[in-house]
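The following note is offered to a colleague beginning the study of protein structures. Please read each numbered point with the model in view.

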Amino acid sequence: MPWAEQSADTTWRVRYRRDDGTIGSIPGFPTSTAANDHIADMEVAQRHGTWIDPAAGRITVAVWAPDWLASLDIDQRTEENYRSFLTKHVLPRWGSTALADITNLQVRTWEKHLRASGLAKTTVDSIIKCFSLTLGDAADEKLIAANPIHARRRGRRRRAHRTPRKVWAEPAEVLQIADQIARIYGPAGAVLFVTAAWTGARWGELVGLQRHHLHLVDGDTGFLVVDPDHGALHEPNRGPLYLGPPKTEESARTITLPPFLVPLLRAHLATHSHPHVFVTPNHDLHRRSNFSRRAVRPAADGNTHITNPAHRLHPIKPGLTFHGLRHSHKTWLIDDGVPEIAQALRLGHVLADKVQQTYSHVATAVEQRLLHGLQTRWNKALADNTTPPENTTWRTTTSPQQS
């Protein structure tokens with residue numbers, strides 16, 4: 001129970017006992033009445049569980065941040081990113097600052113300086129998010145009354161920071177890029193690229209796919225399973241690649257394969273004995289940046305700017321990324337009139353309408369119509385093909401065109 005005592009001839013202070021048995025002090029009251037009024041307020045807040053020990057807020061960010069980081073139960077790559085944000089940006093500016101002294105205005109001024117330093121908007125947003133999470137958890141631990149960082153109510157519209165629309169590709173363009181990947185990287189890269197476009201699976205889900213999760217039932221029927229515990233290959237900033245959970249709970253799913261992919265993947269599996277379905281030409285696990293640099297970028301952008309390359313590649317869809325294939329897949333499904341719930345289940349998305357997500361089911365007829373549409377797009381891409389035959393041998397294992 002707090003009490004008042006005179007600390008000098010003209011001032012009073014409030015004393016209180018902490019949970020650990022030590023005595024705290026709040027000085028600066030001009031009279032005993034003022035001190036006792038504060039005690040009354042303290043006792044009300046204590047009964048409601050909202051009282052904050054003023055001394056707790058004097059902990060600095062540098063002292064709090066390591067304990068906060070150690071308490072997180074998150075993906076290794078995310079933890080590495082948070083650690084980097086704290087070390088490179090947060091602690092140099094806020095390390096010696098007490099948690100209780102941080103204001104939203106100060107943080108927004110710092111945010112403005114970060115943008116002016118040339119950092120990308122997404123990087124700055126991630127830094128502020130990390131700092132906000134740090135302070136939010138400090139508030140939950142009753143070190144401060146509330147997270148001082150809150151959403152902006154005003155500010156300039158920054159058209160230069162508008163997120164560009166994701167580049168997506170038509171089936172014929174995907175096939176042409178795959179042909180060029182086969183030339184410069186190898187047939188396995190082309191099969192990986194086409195599988196991504198015609199399944200909508202994420203990069204980590206495909207390069208983490210193991211043989212026992214790929215089921216090729218017969219000549220033209222098959223499916224792949226994204227395992228909830230080991231369904232994605234993760235790439236930490238340091239250390240080896242490892243298998244772990246996919247992006248979200250909804251990402252754990254079964255993806256049916258259009259008919260043409262079944263013999264293509266069966267022939268692909270016969271080219272190596274690695275436990276993973278997709279590996280590099282040296283039979284190692286894939287890294288996203290390597291595959292992008294060695295396969296996707298030159299095959300999609302072309303290399304007409306290079307003098308005398310080993311293989312002359314024409315630009316097909318400049319700017320297309322591997323993730324852009326996922327956008328392409330969804331665009332195709334929308335164009336084919338596939339119901340939103342079927343799209344969400346195939347792509348591992350969460351529907352905004354929880355009721356629809358809970359009670360909607362994908363009938364067999366809808367799934368067959370979806371696969372028929374994807375097969376038709378493959379057939380049309382083959383019919384529209386202009387690639388020289390000698391550069392298309394990687395896909396000669398596909399079954400005859402199906403209507």
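1. Helices and strands are here runs assigned by DSSP, a helix having at least four residues and a strand at least two, and they are numbered from the N terminus. On that basis the protein chain has 14 helices and eight strands. The reader should keep in mind that this is a predicted model.

2. The overall dimensions deserve attention. The radius of gyration of the protein chain is 29 Å, whereas a compact globule of 403 residues would have a value near 22 Å. Along the principal axes, the C-alpha atoms occupy a box of roughly 100 × 55 × 40 Å. A single pair gives a sense of this scale: the C-alpha atoms of Leu 320 and Pro 30 are separated by 69 Å, and the two residues are 290 apart along the chain.

3. The next point concerns the interior and the surface. Of the 403 residues in the protein chain, 42% are buried. The accessible surface amounts to about 21,500 Å², and carbon and sulfur atoms account for 53% of this area. Among contacts between residues at least 6 apart in sequence, 64% join residues at least 24 apart.

4. Charge is the subject of this point. The protein chain carries 48 positive and 39 negative charges, and the mean positions of these two groups are 9 Å apart. Side chains of opposite charge can pair when their charged atoms come close. The structure holds 15 salt bridges, and three of them are examined below, followed by a network.

5. Which residue forms a salt bridge with Asp 125? The partner is Lys 121, and the closest N and O atoms are 2.7 Å apart. Both residues belong to helix 5 (residues 121–140), where they are four residues apart, about one turn of the helix. Asp 125 is partly exposed at a relative accessible area of 33%, and Lys 121 is also partly exposed, at 37%.

6. A second salt bridge joins Arg 395 and Asp 179, with the closest N and O atoms 3.0 Å apart. Arg 395 is in the segment after helix 14 (364–383) and Asp 179 is in helix 6 (residues 171–184), so this pair ties together parts that are 216 residues apart in sequence. The cut-off for a buried residue is a relative accessible area under 20%. Arg 395 has 9% and therefore counts as buried, and Asp 179, with 0%, is buried as well.

7. Thr 392 may be considered together with that pair. This residue is also found in the segment after helix 14, and its relative accessibility of 11% places it among the buried residues. Leaving aside residues up to four places away in sequence, Thr 392 touches Asp 179, Asn 385 and Thr 387.

8. In a third salt bridge, the side chains of Asp 335 and Arg 377 meet at 2.8 Å, N to O. Asp 335 lies in helix 11 (residues 322–335) and Arg 377 in helix 14, so the pair ties together parts 42 residues apart in sequence. Are these two partners buried or exposed? Asp 335 counts as exposed, with 58% relative accessibility, whereas Arg 377 counts as buried, with 13%. Elsewhere, salt bridges that share partners join Glu 5, Arg 13 and Arg 15 into one network.

9. Where does Leu 320 lie? Leu 320 is in the loop between helix 10 (288–301) and helix 11. Its relative accessible area is 0%, and the residue is therefore buried. Not counting residues up to four places away in sequence, its contacts include Val 167, Trp 168, Ile 177, Phe 193, Val 296 and Leu 325. Arg 297 and Ser 328 are also among the residues that Leu 320 touches.

10. Two residues merit inspection for their backbone angles. Lys 142 is not a glycine, yet it has a positive phi of about 60°. Lys 142 is placed in the loop between helix 5 and helix 6, and it is partly exposed at a relative accessible area of 41%. His 283, likewise not a glycine, has a positive phi of about 65°. The position of His 283 is in the loop between helix 9 (261–269) and helix 10, and its relative accessible area of 38% makes it partly exposed.

Notes: Residues are numbered from 1 along each chain as its sequence is written. This is a predicted model: local features need pLDDT of at least 70, side-chain atom pairs count only at pLDDT 80 or more; totals for chains, interfaces and linings use all residues. Side-chain values use heavy atoms; hydrogens and water are left out. The radius of gyration is taken over C-alpha atoms; the globule rule is 2.2 Å times the number of residues to the power 0.38. Buried means under 20% relative accessible area, exposed over 50%, partly exposed in between (1.4 Å probe, protein chains only). Contact means heavy atoms within 4.5 Å. Accessible areas come from the Shrake-Rupley method with a 1.4 Å probe; for residues, only the protein chains shown count as cover. Lys and Arg count as positive and Asp and Glu as negative; His and the chain ends are not counted. The place of a charge is taken as NZ of Lys, CZ of Arg, CG of Asp or CD of Glu. A salt bridge is a side-chain nitrogen of Lys or Arg within 4 Å of a carboxyl oxygen of Asp or Glu.
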